[in-house]
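Hi there,

I have a structure to hand over to you, together with some notes on what turned up when I went through it. Could you open it alongside this email and follow along?

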Amino acid sequence: MKKSILFLLTISMLIIFNSCGKDYDYRDKWVGEYEYEHWHGPYLHGTGTLSVNKYGQDSILITIGNGVLLNSQVHKNGDIELCKLDWDYRIGGSFKNRNYLELPYYLYYYPEDNYIYKCKKIKE
């Protein structure tokens with residue numbers, strides 16, 4: 001009995017010490033390169049690649065193939081803050097899982113329009 005308790009105590013301590021020593025950044029799981037499909041309503045507008053990189057303390061930088069840069073805060077659950085891409089565009093989105101990202105956006109003057117980047121990770 002004493003050996004079992006000592007064994008469980010040792011295993012518990014190892015797990016605690018190993019988990020405390022690591023400085024994990026939750027954004028790491030989303031960093032990488034993605035293929036995207038750019039949709040406007042039911043119509044496919046084009047395809048390409050975009051990259052996601054860590055930026056600052058809690059932000060990410062998304063670079064879309066044609067040079068559009070999106071610097072936005074990302075929450076631990078993967079939700080991306082709504083931000084202003086330029087004067088006319090508002091973009092938000094979320095990481096649905098480690099390999100899939102959606103970036104819906106709309107034009108400020110036409111919020112009923114439905115645009116979205118549907119992205120699948122191709123490289124870490």
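Below is what I found, starting with the overall layout and moving on to individual residues.

First, please keep in mind that this is a predicted model.

**Overall layout**

The secondary structure of the chain consists of one helix and eight strands. Reading from the N terminus, the order of elements is α-β-β-β-β-β-β-β-β. The chain has 124 residues, and 29% of them count as buried. Among the contacts with a separation of 6 or more, 34% are between residues 24 or more positions apart.

**The core**

Which residues touch the most other members of the largest nonpolar core? They are L50, I62, F95, L101 and L103, out of 21 residues in that core. Two or more residues each come from β1 (32-40), β2 (43-55), β3 (59-64), β6 (89-97), β7 (100-107) and β8 (110-123). Of these, β7 gives the largest share, with four residues.

I62 is a good place to start looking around. Leaving out residues up to four places away in sequence, I62 touches L50, S51, V52, V68, L69, L70, I80 and L103. L50 and L103, named above among the core residues that touch the most other members, are thus both on the contact list of I62.

**Strands β3 and β4**

I62 also has a bridge partner in β4, namely L70. The strands β3 and β4 run antiparallel and are joined by five bridges. Strand β4 covers residues 69-73 and has two faces: L70 and S72 are on the covered one, while L69, N71 and Q73 are on the uncovered one. So the bridge partner of I62, L70, belongs to the covered face of β4.Two more residues are worth a look here. T63 is in strand β3 and is partly exposed, because its relative accessible area is 25%. Not counting residues up to four places away in sequence, T63 touches T49, L50, S51, V68 and L69. T63 and E33 are 30 residues apart in sequence, and their C-alpha atoms are 9.5 Å apart in space.

Is I64 buried or exposed? I64, also placed in strand β3, counts as buried, because its relative accessibility is 3%, under the 20% limit. With neighbours within four places in sequence set aside, I64 is in contact with Y36, T49, L50 and Y117. From I64 to S51 the distance in space is 6.6 Å, C-alpha to C-alpha, with their positions 13 residues apart in sequence.

**Aromatic rings**

How many aromatic pairs does the structure hold? There are six, and two of them are described here.

- Y26 and W30: the ring centres are 6.3 Å apart and the planes are at 80°. The pair is edge-to-face because that angle of 80° is over 60 degrees. Both Y26 and W30 are buried.
- Y105 and Y117: the ring centres are 5.8 Å apart and the planes are at 25°. The pair counts as stacked because 25° is under 30 degrees. This pair links distant parts of the chain, with Y105 in strand β7 and Y117 in strand β8, 12 residues apart. Y105 is buried at 10% relative accessibility, and Y117 is buried with a relative accessible area of 7%.

Y117 is also on the contact list of I64. Ring pairs further link Y26, W30, Y34 and F95 into a cluster. F95 is one of the core residues that touch the most other members.

There is a charge over a ring to check as well: K118 lies over the face of W39, at 5.5 Å from the ring centre.

**A polar residue in β6**

Finally, have a look at S94, which is in strand β6. S94 counts as buried because its relative accessible area is 10%. Which side chain does the side chain of S94 make a polar contact with? The partner is the side chain of K96, at 3.2 Å. Leaving aside residues up to four places away in sequence, S94 touches G78, D79, I80, Y100, L101 and E102. I80 appears on the contact list of I62 too, and L101 is another of the core residues that touch the most other members.

Happy browsing, and best wishes!

Note on methods. Residues are numbered from 1 along each chain as its sequence is written. This is a predicted model: local features need pLDDT of at least 70, side-chain atom pairs count only at pLDDT 80 or more; totals for chains, interfaces and linings use all residues. Side-chain values use heavy atoms; hydrogens and water are left out. A nonpolar core is a set of buried Ala, Val, Leu, Ile, Met, Phe, Trp, Tyr and Cys residues joined through side-chain atoms within 4.5 Å. Buried means under 20% relative accessible area, exposed over 50%, partly exposed in between (1.4 Å probe, protein chains only). Contact means heavy atoms within 4.5 Å. A polar contact is a pair of N or O atoms within 3.5 Å; within protein, one must be able to donate a hydrogen and the other to accept it, and residues adjacent in sequence count only if both atoms are side-chain atoms. Rings of Phe, Tyr and Trp (its six-membered ring) pair if their centres lie within 6.5 Å; planes under 30 degrees apart count as stacked, over 60 as edge-to-face and the rest as tilted. A charge sits over a ring if NZ of Lys or CZ of Arg is within 6 Å of the ring centre and within 35 degrees of the ring normal. Two strands pair if DSSP finds at least two bridges between them.
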